[in-house]
Amino acid sequence: MSEGAIDLQALTKRYGAHAAVSEVSMRVPEGSCLALLGHNGAGKTTLMKLMLGLTRASAGSIAVLGADPGSAGLDFRRRIGFLPENVAFHEEISGLETLRFYARLKKEPLEVCGVLLERVGLTHAAERRVKTYSKGMRQRLGLAQALIGRPRLLLLDEPTTGLDPVLRQEFFRIIQELEAAGATVVLSSHILTELEARTDLIAIMKRGRLVVLGDLDTLRREADLPVRIRVTVSGETAVIAERLGDLVRKRSGEHSLELTCALPDKMAVLGRITALGRAVADIDIELPSLDDVYLRFGHDPEDVS
Ligand code: ATP
């Protein structure tokens, strides 16, 4: 079994009386991708800052890549890449000069900068001043900066903000490559649909606390949300509706029925439907989405931030 890239035990960060992060415990295995989800102010950024050693914990313990981020030095920083939520660069220097600046900080060879710009599709703008960059270009420059030195852990705070759909795909392709090479990735996002198939672990935070942690299937089970099944009927809809009566939620068309059942009952219900033979023309199954799971665990009706 692989080592934990991140180990948190009852980690707490207070600002005055307010706990931005409250007793969070989690272990993220090396080489996995963790999505941090939560409402505005849930504590995601603070958790990342703790992992980076940019802020000290008030209580609890934290180990990142086997070290305490609060006291680790250059060697630790070289093994970590960070893309902040609102990445701010010097406006008057070029993209290439920007990357060189960060490469020097990490004591990495400057030659990597051109390669990284190519990787994020910015070679054509390498010599242009950052002030001429679009939001998406700045975001890509931020990602290139985070990739300097082949980090073992990448912390990406809302990394796909400002990227168009094609660049988002490209972004996740880069993330997959890094994971395949054994890097651990932690990212926060409010765009849940893009995370569904792309993360190994999902952590949902609410008011500083970790509400749930697991893969999507685990979260679906814990959320206890219904599975939706649409049955297209080839024969008499009324007859089929009667046979499946207890499951039918509504008739959604002349030849279509919408059913719901609990996740553990899915196979038994499918068995009942297929037993109807040719009277059933088609079946579509819709599992609870990450949006549904998030609303169940992470939604904070009192959140006004
Ligand atoms: P968002 O999705 O809006 O980026 P977040 O989940 O990243 O939110 P944090 O930025 O971690 O949330 O903030 C968590 C809480 O801690 C918020 O209530 C915030 O106001 C508070 N907080 C964060 N940093 C500080 C600080 N330096 N001083 C005081 N309070 C802070």
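The following dialogue considers the surroundings of the ligand and the packing of helices in a predicted model.

Student: What makes the pair formed by the ligand and the side chain of Lys-44 a polar contact?

Tutor: An oxygen atom of the ligand lies 2.8 Å from an N or O atom in the side chain of Lys-44. A polar contact requires a pair of N or O atoms within 3.5 Å, so this pair qualifies.

Student: How do you know that Glu-85 and His-190 also make polar contacts with the ligand?

Tutor: For Glu-85, a side-chain N or O atom is 3.2 Å from an oxygen atom of the ligand. For His-190, the distance from a side-chain N or O atom to a ligand oxygen is 3.2 Å. Both values are within 3.5 Å, and therefore both pairs count.

Student: How much of the ligand does the protein bury?

Tutor: The ligand taken alone exposes 640 Å², and the protein buries 63% of that area.

Student: Which elements give two or more residues to the shell around the ligand?

Tutor: They are strand E2 (18-29) and helix H1 (44-52). H1 gives the most, with three residues.

Student: Why is Gly-41, one of the residues that come nearest to the ligand, counted as polar?

Tutor: Gly is placed among the polar residues by definition, so Gly-41 is counted there. The shell as a whole divides into three nonpolar, eight polar and three charged residues.

Student: Why is helix H7 called oblique to helix H10?

Tutor: H7 (residues 216-223) and H10 (residues 290-297) pack at an angle of about 50°, with their axes 10 Å apart. Roughly parallel needs an angle under 35 degrees and roughly perpendicular needs 65 to 115, so H7 is oblique to H10. Their crossing is left-handed.

Student: What makes helix H3 roughly parallel to helix H5?

Tutor: The axes of H3 (residues 95-105) and H5 (residues 135-147) cross at roughly 30° and come within 9 Å. That angle is under 35 degrees, and therefore H3 is roughly parallel to H5. H3 passes H5 in a right-handed crossing.

Terms used. Residues numbered from 1 in each chain as written. Predicted model: local features only at pLDDT ≥ 70, side-chain atom pairs only at ≥ 80, totals over all residues. Heavy atoms only, no water. Near = heavy atom within 4 Å. Polar contact = N/O pair within 3.5 Å; in protein donor to acceptor, adjacent residues only side chain to side chain. Areas by Shrake-Rupley, 256 points an atom, 1.4 Å probe, with all protein chains shown as cover. Helix = DSSP H or I, 4+ residues; strand = E, 2+ residues; numbered from the N terminus. Axes fitted to C-alpha atoms, helices over the stretch in contact; angles between N-to-C directions. Parallel < 35°, antiparallel > 145°, perpendicular 65-115°, else oblique. Left-handed = near helix turned anticlockwise from the far one by under 90°.
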